[in-house]
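Here are some comments on the model you passed to me, set out point by point. Please read them with the structure open beside you.

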Amino acid sequence: GSTLFTTSVEKIGGTSATLFTMLQPAVVLGFAHLILREKFSSFFVPCAIWVVANMILLGVSQASRDELASLEENPEVWTGIFCGLGATLVWGISTVVGKALLARYSNSVVLLWRWVIAFVSLGALVAIRGTPLPWENIG
């Protein structure tokens, strides 16, 4: 998630990228309902939509026009948008999966696997991109 968010910030700027992260509560609620079978009252859903919509509106209203990405000015806007949405999805899903795992396993086991998955994923990303590692600074 962090790598996708960093790429999004690089492509469309911090303000625009942050607007996508404001959708994370909606992602968490949706996946909690689908994966964990959590039930919400009929009053909760409209309130949740209202809160997320207001977070986005506040974020947009506080940003100057220069801070928001424009497709005419930056052809990589779509890459930034998809990376921002991807980061939001990854973070939202990991929140729900983490809750499901904590219901079955101890905190230390979940933490161990979280670090193993992150290490392997980052190692694969470094290998795929061919990023040189500064071995002289490591150790």
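**Notes on the predicted model**

1. The buried residues of H5 are Val77, Gly80, Ile81, Cys83, Gly84, Gly86, Ala87, Thr88, Gly92, Val96 and Gly98. The model is a predicted one, and this list is best read together with the packing of the helix: the buried residues of H5 pack against helix H1 (2-12), helix H2 (14-21) and helix H3 (24-35).

2. The length of H5 can be checked with simple arithmetic, since at 1.5 Å a residue the 28 residues of this helix (residues 77-104) should span 40 Å, and the C-alpha atoms at its ends are 41 Å apart, which agrees. As a reminder for reading burial along a helix, residues three or four places apart point the same way because an α-helix has 3.6 residues a turn.

3. For the overall architecture, the protein contains six helices and zero strands, so that its elements, taken from the N terminus on, run α-α-α-α-α-α. Of the contacts with a separation of 6 or more, 80% are accounted for by residues 24 or more positions apart.

4. Turning to the surface, buried residues make up 22% of the 139 residues in the protein. The protein exposes about 9,900 Å², and carbon and sulfur atoms supply 69% of that area.

5. Is Thr7 buried or exposed? Thr7, which is found in helix H1, has a relative accessibility of 15% and therefore counts as buried, the cut-off being under 20%. When its neighbours within four places in sequence are left aside, Thr7 is in contact with Cys83 and Arg129, and Cys83 is itself one of the buried residues of H5.

6. Leu57, in helix H4 (residues 44-62), is exposed, because its relative accessible area of 56% is over the 50% cut-off. The C-alpha atoms of Leu57 and Leu19 are separated by 9.1 Å, although the two residues are 38 residues apart along the chain.

7. Which backbone angle of Arg37 deserves a second look? Phi of Arg37 is near 60°, a positive value in a residue other than glycine, and for context, most residues other than glycine have a negative phi. Arg37 is found in the loop between H3 and H4 and is exposed, because its relative accessible area of 59% is over 50%.

Technical notes: Residues numbered from 1 in each chain as written. Predicted model: local features only at pLDDT ≥ 70, side-chain atom pairs only at ≥ 80, totals over all residues. Heavy atoms only, no water. Helix = DSSP H or I, 4+ residues; strand = E, 2+ residues; numbered from the N terminus. Expected span 1.5 Å × (residues − 1). Buried < 20%, exposed > 50% of the residue type's maximum accessible area, 1.4 Å probe, protein only. Contact = heavy atoms within 4.5 Å. Areas by Shrake-Rupley, 256 points an atom, 1.4 Å probe, with all protein chains shown as cover.
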